[in-house]
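User: Please take a close look at one part of this model. I would like to know how one strand sits among its partners and what packs around it.

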Amino acid sequence: MRVPYEFGSGEAASVSGVSRGLAKVQVKLRWDPSPWGEAPRHLDIMAATYSAEEPHGRPVYVVHTESRSPDGTINMSRHSETGQGLGFVEVMVLELDRLASSYARVVVGVAIHQDQGVLTFGDITNAGVLVAEDYRELMTDDLTRVAGSNATTIAQFTRDGSGAWSLQETVRGFDGSPTAFAAEMGNVWQS
């Protein structure tokens, strides 16, 4: 079930009436471990940042489980290689309000490691993502729309002229290696 966030609702308004936009957002991922006797199923959240000069060009940098942003504004606070655990087992934190003004776009996605042969989201049980700010759910998805894909974009965050960040849901499937996905995820969906 998807729950879009309406920015015109007044919840994000400041005293002056100007929207402050999103500040610190969490992207959370869950999936069930592989059945007994099968190799672990390993999914990863990835975030690609794009410059204001080339918002649809190549990413300036990509953050995933083995990296963080150079300025520490995007990082993994929880990581799983098996899906074992309660609830959301992988979490990425994006401090959008701290990103330098030279960045205008961040695209977040999920890729399935292909170490044990080709796996798609249709092979993953109980997969789901949640994007939240504080305790407010901005969007959720169970990834069934991309069952035939082995990677997917989830969300796109963009900065407007006032500097406020907003979210657009971007669940779009991709087929290819996690490395290829990291390089091309910003082109899977464009506004």
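Analyst: What follows covers strand S7, its partners, the core, and then two further sites.

This is a predicted model. Strand S7 spans residues 128-133 and is mostly covered. Six of its six residues are buried. The side chains split into two sets. Gly128, Leu130 and Ala132 point one way from S7. Val129, Val131 and Glu133 point the other way. Both sets are buried.

Next, the partners. Strand S1, residues 24-30, runs antiparallel to S7, and six bridges join the two. Leucine 29 has valine 129 as its bridge partner in S7. Strand S8, residues 136-141, is also joined to S7, here by five bridges. S7 and S8 run antiparallel. Valine 131 has methionine 139 as its bridge partner in S8. S7 and S8 form a hairpin with two residues between them. In that turn, aspartate 134 has a positive phi of about 55°.

Now the core. Val131 leads from the strand into the largest nonpolar core, where it is one of the residues with the most contacts. The others named there are Leu94, Leu96, Val106 and Phe157. This core has 38 residues in total. Strand S6, residues 103-112, gives the largest share, with five residues. In soluble globular proteins, nonpolar side chains tend to be buried together.

Phenylalanine 157 shows the packing in detail. Beyond its sequence neighbours within four places, phenylalanine 157 is in contact with Val131, Leu94, Leu96 and Val106, among others. Its contacts also include Leu22, Val25, Ala104, Val108, Trp165 and Leu167. Arg105 and Ser166 are in contact with phenylalanine 157 as well. Another core, of ten residues, lies apart from the largest one. Among its members are Tyr50, Val107, Ala111 and Phe181.

One charged residue deserves a look. Glutamate 95 lies in strand S5, residues 90-95. Glutamate 95 has a relative accessible area of 17%, under the 20% cut-off, so it counts as buried. Leaving aside neighbours within four places in sequence, glutamate 95 is in contact with Ala23, Lys24, Gly72 and Thr73.

Last, the largest pocket. Its volume is about 170 Å³. The lining includes Asp44, Met46, His64, Glu66, His113 and Pro178. Helix H1 gives the most to this lining, with three residues. Strand S2 (43-51) and helix H1 (178-188) each supply at least two. By class, the lining has four nonpolar, four polar and two charged residues.

Terms used. Residues are numbered from 1 along each chain as its sequence is written. This is a predicted model: local features need pLDDT of at least 70, side-chain atom pairs count only at pLDDT 80 or more; totals for chains, interfaces and linings use all residues. Side-chain values use heavy atoms; hydrogens and water are left out. On a 1 Å grid over the protein atoms alone, a cavity is a set of points where a 1.4 Å probe fits but cannot get out, and a pocket is an open set with protein on both sides within 12 Å along at least five of seven lines; lining residues have an atom within 4 Å of a point. Grid points are joined across faces, edges and corners, and a volume is the space filled by probe spheres set on the points. Helices (H or I, at least four residues) and strands (E, at least two) are DSSP runs, numbered from the N terminus. Ala, Val, Leu, Ile, Met, Phe, Trp, Tyr, Cys and Pro count as nonpolar, Asp, Glu, Lys and Arg as charged, and the others, Gly among them, as polar. Buried means under 20% relative accessible area, exposed over 50%, partly exposed in between (1.4 Å probe, protein chains only). Contact means heavy atoms within 4.5 Å. A nonpolar core is a set of buried Ala, Val, Leu, Ile, Met, Phe, Trp, Tyr and Cys residues joined through side-chain atoms within 4.5 Å. Two strands pair if DSSP finds at least two bridges between them.
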